[in-house]
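The paragraphs below lead a new reader through one protein model, beginning with the whole chain and moving on to its parts.

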Amino acid sequence: LFDGVYPFYLQQRKAAMFDIRTIIVIVVFLTLACIFLLIIPGIRGRARLYWTLRVPLSLFVGVVTVVVQFTGDWETGWVQANTSYKAFSHVQVNADIGLHIGLAGVNITLRGNPVKQINETINYNEHFPWNFGADYDRSYSEGLEKGLPSPILYVAEKFSTQSPCAVHRQYRIAGHYASAMLWVAFCTWIISNILFSMPVLVYGGYMLLVTGAFMIFSLLSFSTVRSSPMCLIQIGTRTLHIAYGGSFWLMLATGLLCFVAAITIVATHHLNLDLLKAFFDLREDKAEEYQEMPEVFANPHFVNKGL
């Protein structure tokens with residue numbers, strides 16, 4: 001009935017593509033960017049170029065700092081193998097098994113080659129959270145009750161608290177502190193933007209330097225999980241290896257960008273302060289400050305008295 005779906009049972013789960021929180025953050029920052037595009041035609045002269053360089057760069061740093069906390073590719077790994085699909089069954093399928101580790105949990109992907117095999121659609125993406133307030137073992141138990149495919153349960157079991165691998169605690173604590181440092185970096189990013197709008201540009205540069213430092217500290221915190229050996233994840237005859245993913249390298253590039261920008265601002269403050277004020281549109285117009293008045297009106301009463 002209903003195109004092969006039984007009416008009294010849950011439909012097969014679809015693979016998740018985007019985290020809703022990531023979409024919300026991106027939409028918020030895109031809205032700010034669109035507002036800036038509406039404002040920029042009203043800026044005259046060379047200041048328009050300076051604003052065009054500053055604002056997108058600042059928004060990029062802000063959106064990256066927030067978005068990477070919800071992404072699941074701080075560490076990733078893929079392997080293609082022939083593996084059993086269900087428990088208590090000798091039927092094997094050819095599939096891509098993906099492991100995506102984030103700060104708040106792990107995503108395990110199973111996609112068949114081709115997607116339709118043994119009269120089923122093999123396309124899964126399951127999330128198992130380990131952030132504070134979440135119960136990883138409970139999520140794993142629910143996966144067992146749902147009857148998730150064997151490769152997903154096998155990989156998920158490696159990160160459980162009862163696993164001999166003993167990596168659950170390391171990943172949970174490392175992700176927690178990395179997330180906390182990123183939130184601090186986001187706060188210092190806001191403070192730096194406030195300081196850049198005031199005539200204290202060098203302090204804005206220092207605060208941007210602090211922002212980059214906390215970004216690097218978050219990476220160091222997450223990297224501590226590599227100090228403990230990881231169990232082999234054997235899928236059929238193949239081994240799933242994991243490495244740092246896109247979010248990790250994006251965070252590293254953003255942190256280095258903050259360092260370069262902050263050092264440039266501090267150096268320019270000491271070498272050419274007028275150029276720095278011009279770049280941030282805070283330069284005082286000295287021509288108007290020292291301009292002589294073309295006409296002077298005096299009270300004749302005081303002029304006659306020689307006052």
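Of the 307 residues of this protein, 39% count as buried. The model is a predicted one, and it contains 10 helices and 7 strands. Its accessible surface comes to about 18700 Å², and carbon and sulfur atoms hold 64% of that area. When contacts with a separation of 6 or more are considered, 66% of them are accounted for by residues that lie 24 or more positions apart.

A good place to begin is the pair of helices that opens the numbering. Helix 1, which covers residues 20–39, and helix 2, which covers residues 47–67, have axes that come within 10 Å and cross at roughly 170°. Because angles over 145 degrees count as roughly antiparallel, this crossing makes helix 1 roughly antiparallel to helix 2. On the side of helix 1, the contact is made by T22, V25, I26, F29, L32, A33 and F36, and these meet W51, T52, V55, P56, L59, G62, V63, V66 and V67 in helix 2. The residues of this contact divide into 13 nonpolar and 3 polar, with no charged residue among them.

From the helices the path leads to the strands. Strands of a sheet pair through backbone hydrogen bonds, and they do so in either a parallel or an antiparallel way. In this model, an open sheet of 5 strands has the order 4-3-2-1-7, with antiparallel pairing. Strand 4 (120–129) and strand 7 (243–244) stand at the edges of the sheet with a single partner strand each, so one side of each is left without a neighbour there.

What, then, does strand 2 pair with in the antiparallel sense over 10 bridges? The partner is strand 1, made of residues 75–84, and within this pairing E75 has I101 of strand 2 as its bridge partner. Strand 2 also pairs with strand 3, residues 105–117, again in the antiparallel sense, over 7 bridges. Here D96 stands opposite R111 in strand 3, while I97 has L110 of strand 3 as its bridge partner. Strand 2 and strand 3 together form a hairpin, with 3 residues between them.

Is strand 2, residues 92–101, largely enclosed by the rest of the structure or largely open? Of its 10 residues, 8 are buried, so strand 2 is largely enclosed by the rest of the structure.

Methods: Residues numbered from 1 in each chain as written. Predicted model: local features only at pLDDT ≥ 70, side-chain atom pairs only at ≥ 80, totals over all residues. Heavy atoms only, no water. Helix = DSSP H or I, 4+ residues; strand = E, 2+ residues; numbered from the N terminus. Buried < 20%, exposed > 50% of the residue type's maximum accessible area, 1.4 Å probe, protein only. Contact = heavy atoms within 4.5 Å. Areas by Shrake-Rupley, 256 points an atom, 1.4 Å probe, with all protein chains shown as cover. Axes fitted to C-alpha atoms, helices over the stretch in contact; angles between N-to-C directions. Parallel < 35°, antiparallel > 145°, perpendicular 65-115°, else oblique. Nonpolar A, V, L, I, M, F, W, Y, C, P; charged D, E, K, R; others polar. Pairing = 2+ DSSP bridges.
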